[in-house]
Amino acid sequence: MQRVEPVAERECIARTSGVRCDFGIFVDTRNKLPANAFQTLDDEGRPILVFTSTLLFDARNADEIAFVMAHEVAHHIEGHISRQKRNVAEGARVFAEAEARRGGNAKDVEYALLRGAQVGAFAYPKIHELEADALGTIIAARSGFDPVKGAEFFNRIPDPGDRFLGTHPPNAQRIETVRRTAAGL
């Protein structure tokens, strides 16, 4: 954390405008949570990174923890939360308008609105993950860690495959993104 956070803040400031870059970093120590990390925003818009203690205990080396942290930071820098919200709103709007033009009643339009929001939510998350992997690679490397070694944890987690409307790309694709990005540094 001490090495990644300052680099992440500098990258955030350099790559964004009008975005908060003062990351809050927390560990969820509740028992029996699956290994996980995520980025969110607090009520004031401050970027928050949360790691489960299970993830930290499962990591085999500091490079893995650094890569995961850099990946989560990258979600914030890339604006994935706001982009995802726009995708949900746009999907809902398009489906609801189409149903209204078709002559659907209020219940049909409401159903279309919900379905459109669901489709919008799944429109780009795989791309977001690969973007975060690429930028996370850069941040981890600039922090003095080996992102390729850090991405080895993909070999130990379940592979999501390439499911339709899945949220994560196949692990092999993610590892390749990290390797390709690291080779270009």
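**Exercise 1. A loop-to-loop salt bridge**

Is aspartate 22 buried, partly exposed or exposed, and what is its relative accessible area? Work this out in the predicted model, and then describe the pairing of this residue.

*Solution.* Aspartate 22 has a relative accessible area of 28%. Since buried means under 20% and exposed means over 50%, aspartate 22 is classed as partly exposed. The next step is to look for a partner of opposite charge, and arginine 46 provides it: the two residues form a salt bridge in which the closest N and O atoms are 3.7 Å apart. Aspartate 22 belongs to the loop between H1 and strand S1 (24–28), whereas arginine 46 belongs to the loop between strand S2 (37–41) and S3, so the pair ties together parts that are 24 residues apart in sequence. Arginine 46, with 26% relative accessibility, is likewise counted as partly exposed.

**Exercise 2. Two further salt bridges**

Describe the salt bridges that aspartate 28 forms with arginine 30 and arginine 93 with glutamate 97, giving the accessibility of each partner.

*Solution.* Begin with the pair of aspartate 28 and arginine 30, whose closest N and O atoms are 2.5 Å apart. Aspartate 28 counts as buried at 17% relative accessibility, while arginine 30 is exposed, with a relative accessible area of 54%.

Turn next to arginine 93 and glutamate 97, whose side chains meet at 2.7 Å, N to O. These two residues are 4 residues apart in helix H4, which means that about one helical turn separates them. An α-helix has 3.6 residues a turn, so residues three or four places apart point the same way. Arginine 93 is partly exposed at 37% relative accessible area, and glutamate 97 is partly exposed at 36%. Elsewhere, Glu11, Arg15 and Arg142 are joined into one network by salt bridges that share partners. The search of the whole structure finds 14 salt bridges.

**Exercise 3. Helix H3 and the nonpolar core**

Check the length of helix H3 against the number of its residues, examine what lies at its start and after it, and establish what H3 gives to the largest nonpolar core.

*Solution.* Helix H3 comprises residues 62–77, which is 16 residues, and at 1.5 Å a residue these should span 22 Å. The end C-alpha atoms of H3 are 22 Å apart, so the expectation and the model agree. At the start of the helix, a side-chain oxygen of asparagine 61 comes to within 3.0 Å of the backbone nitrogen of aspartate 63. After the helix comes glycine 79, with a positive phi near 70°.

The covering of H3 is the next step: of its 16 residues, 14 are buried, and the helix is therefore mostly covered. The largest nonpolar core has 29 residues, and Val4, Phe51, Val73 and Ile139 have the most contacts inside it. At least two residues of this core come from each of helix H1 (4–15), strand S3 (47–52), H3, helix H6 (125–142) and helix H8 (171–183). With 8 residues, H3 gives the most to the core.

**Exercise 4. Nonpolar residues outside and inside**

Where does valine 94 lie, and to which nonpolar surface patch does it belong? Set beside it phenylalanine 154, and state whether that residue is buried or exposed.

*Solution.* Valine 94 is placed in helix H4 (residues 80–102) and counts as partly exposed at 37% relative accessibility. Together with Phe95 and Val119, Val94 forms a nonpolar patch on the surface, with about 210 Å² of accessible area in total.

Phenylalanine 154 is located in the loop between helix H7 (147–150) and H8, and at 2% relative accessibility phenylalanine 154 is buried. The C-alpha atoms of phenylalanine 154 and asparagine 171 are 5.7 Å apart in space, although the two residues are 17 residues apart in sequence.

**Exercise 5. A positive phi in a loop**

What is the phi of lysine 32, and in which loop does this residue lie?

*Solution.* Most residues other than glycine have a negative phi. Lysine 32 has a positive phi, near 65°, and is a residue other than glycine. Its place is the loop between S1 and S2, where lysine 32 is exposed with a relative accessible area of 84%.

Definitions and conventions:
Residues numbered from 1 in each chain as written. Predicted model: local features only at pLDDT ≥ 70, side-chain atom pairs only at ≥ 80, totals over all residues. Heavy atoms only, no water. Expected span 1.5 Å × (residues − 1). Buried < 20%, exposed > 50% of the residue type's maximum accessible area, 1.4 Å probe, protein only. Polar contact = N/O pair within 3.5 Å; in protein donor to acceptor, adjacent residues only side chain to side chain. Patch = residues over 30% accessible without salt bridge, like charges linked within 9 Å, V, L, I, M, F, W, Y side chains within 5 Å. Areas by Shrake-Rupley, 256 points an atom, 1.4 Å probe, with all protein chains shown as cover. Salt bridge = Lys/Arg side-chain N within 4 Å of Asp/Glu carboxyl O. Core = buried A, V, L, I, M, F, W, Y, C linked by side-chain atoms within 4.5 Å.
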